[in-house]
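Here is a short note for a colleague opening this entry for the first time. Please keep the structure in view while reading.

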Amino acid sequence: PDTRRPTITQNRPTGEIRDRTPRITATVRDETTNLAKPNIRLFVDGRRKTTFSYDRSTDRLAFDSPTLSFGRHTVKVEATDEAGNKATKTWSFKVIRRS
């Protein structure tokens, strides 16, 4: 049986950024399941986003964020494969003012 969870890597942005409309990206991959957008859930600051894209050929998730406030923002990606194995990755970044 498939007991391996999907992987969520190469998540961006991280650290401090100046762009208030960043493109949020991650690589979401599973060894045995061809993941599709319905297998993936994206949250920005606790709110679910459904307008992201997912390219199965490159395993890339992309979300063009609307204008964010200055300060810290949290992103969470959840992926569930056909066997029900679930992976979650949470990270944050901070939007800073241009100096």
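The points below go from the whole chain to its sheet and then to single strand pairs.

1. **Status and content.** This is a predicted model. The chain has nine strands and zero helices. Read along the sequence, its pattern is therefore nothing but strands: β-β-β-β-β-β-β-β-β. The radius of gyration is 14 Å, and the globule rule gives 13 Å for 99 residues. The two values are close, so the chain is as compact as a globular protein of that length.

2. **Extent and surface.** Along the principal axes, the C-alpha atoms fill a box of roughly 55 × 20 × 20 Å. The accessible surface is about 6100 Å². Carbon and sulfur atoms account for 41% of that surface. Of the 99 residues, 40% count as buried.

3. **Contacts along the sequence.** Take the contacts between residues at least 6 apart in sequence. Of these, 60% join residues at least 24 apart.

4. **The sheet.** In what order do the strands of the open sheet lie? The order is β2-β9-β8-β4-β5, five strands with mixed pairing. β2 and β5 (47–49) stand at the edges. Each has a single partner strand, so one side of each is left without a neighbour in the sheet. From one strand to the next, the twist averages 30 degrees.

5. **The parallel pair.** Strands of a sheet pair through backbone hydrogen bonds, either parallel or antiparallel. Strand β2 (residues 15–17) pairs with strand β9 (residues 86–95) in the parallel sense. Three bridges link the two. In this pair, G15 stands opposite F93 of β9.

6. **The hairpin.** On its other side in the sheet order, β9 is followed by β8. Strand β8 (residues 71–80) runs antiparallel to β9, and 10 bridges join them. T80 has K86 in β9 as its bridge partner. How many residues lie between β8 and β9 in their hairpin? There are five. One of the turn residues, G84, has a positive phi of about 90 degrees.

7. **From β8 to β4.** Strand β4 (residues 40–44) also runs antiparallel to β8. Five bridges join this pair. Here R41 stands opposite E78 in β8.

8. **What to look at.** Start with the β8–β9 hairpin and its 10 bridges. Then step across to β2, the parallel partner of β9. Go back through β8 to β4. End at β5, on the edge of the sheet.

Conventions:
Residues numbered from 1 in each chain as written. Predicted model: local features only at pLDDT ≥ 70, side-chain atom pairs only at ≥ 80, totals over all residues. Heavy atoms only, no water. Pairing = 2+ DSSP bridges. Helix = DSSP H or I, 4+ residues; strand = E, 2+ residues; numbered from the N terminus. Axes fitted to C-alpha atoms, helices over the stretch in contact; angles between N-to-C directions. Rg over C-alpha atoms; globule rule 2.2 N^0.38 Å. Buried < 20%, exposed > 50% of the residue type's maximum accessible area, 1.4 Å probe, protein only. Contact = heavy atoms within 4.5 Å. Areas by Shrake-Rupley, 256 points an atom, 1.4 Å probe, with all protein chains shown as cover.
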